[in-house]
Amino acid sequence: MQPSDLGETALSRMASHLNRPAMKLLISNGADVNSQGSNAGQTPLLRVLATRPIRPEGPTPLEKEQIYAAAQLLLTSGADPDKTNFDGTTPMMFAAGCGQPYAGCNGHIELLQLLLEHGAQIDRFAVNQVRFQWSSSVT
């Protein structure tokens with residue numbers, strides 16, 4: 001499947017809308033779960049993790065569940081939990097927020113655990129030297 005003029009695949013587009021039925025359909029028909037958009041290098045997993053609610057207080061519990069379920073679908077379908085965007089930002093960094101107050105899943109512990117269960121590295125640097133370090137105080 002070829003990217004759109006905006007540099008995203010259909011799977012990335014559906015991932016950004018947390019549309020799991022469409023994501024399942026695309027994956028079952030061969031969509032690349034590790035494809036990268038040409039604009040920023042966002043993978044479908046990064047698009048899910050970058051989902052932002054309009055409200056400043058962050059996502060509702062239902063939205064967090066939807067983000068988790070979409071990320072789980074991608075990871076169980078072979079998405080690389082360490083594939084970065086063009087800046088070198090990892091899925092763990094997106095899930096933790098890492099200085100990005102707009103991050104939809106900022107501090108989503110269950111999502112961080114899901115990424116770790118799928119082999120995500122916890123000590124990586126992005127190109128801009130943002131570093132994510134797992135803290136034992138996070139439970």
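**Exercise 1. Find which residues Asn85 touches beyond its neighbours within four places in sequence.**

Set those neighbours aside, and Asn85 is in contact with Gln36, Ala40, Gly41, Gln42, Leu46 and Phe94; contact means heavy atoms within 4.5 Å. A quick note before going on: this is a predicted model, where local features need pLDDT of at least 70, side-chain atom pairs count only at pLDDT 80 or more, and totals for chains, interfaces and linings use all residues. Residues are numbered from 1 along each chain as its sequence is written, and side-chain values use heavy atoms, with hydrogens and water left out.

Next, place Asn85: look in the loop between helix H4 (61-76) and helix H5 (91-96). Helices (H or I, at least four residues) and strands (E, at least two) are DSSP runs, numbered from the N terminus.

Then check the polar partners. The Asn85 side chain makes a polar contact with the side chain of Gln42 (3.4 Å). A polar atom of that Asn85 side chain also lies 2.9 Å from the backbone nitrogen of Asp87.

**Exercise 2. Decide whether Asn85 is buried or exposed.**

Start with the cut-offs: buried means under 20% relative accessible area, exposed over 50%, partly exposed in between (1.4 Å probe, protein chains only). Asn85 has a relative accessible area of 9%, so Asn85 is buried.

Now try Leu18, in the loop between helix H1 (10-16) and helix H2 (20-28). Leu18 is buried too, at 14%. Leu18 also has a positive phi of about 55 degrees, although it is not a glycine.

**Exercise 3. Work out how H4 and H6 run relative to each other.**

Take the axes first: those of H4 and H6 come within 10 Å and cross at roughly 5 degrees. So H4 is roughly parallel to H6. Now pick out the contact: H4 brings Ile67, Tyr68, Ala71, Gln72 and Leu75, while H6 brings Glu110, Leu111, Leu114 and Leu115.

**Exercise 4. Say which residues of H6 (residues 109-117) are buried.**

Reading along H6, you get Leu111, Leu112, Leu114 and Leu115. They cover an arc of only 160 degrees around the axis, so they sit on the same side of H6. Just after H6, Gly119 takes a positive phi of about 90 degrees.

**Exercise 5. Find which element has the lowest mean pLDDT.**

pLDDT is the predictor's confidence in each residue, from 0 to 100. Strand E2 (residues 131-133) has the lowest mean, 46, and H2 the highest, 98. Where pLDDT is low, the predicted coordinates should not be read in detail.

Conventions: Polar contact = N/O pair within 3.5 Å; in protein donor to acceptor, adjacent residues only side chain to side chain. Arc of directions from axis to C-beta. Axes fitted to C-alpha atoms, helices over the stretch in contact; angles between N-to-C directions. Parallel < 35°, antiparallel > 145°, perpendicular 65-115°, else oblique.
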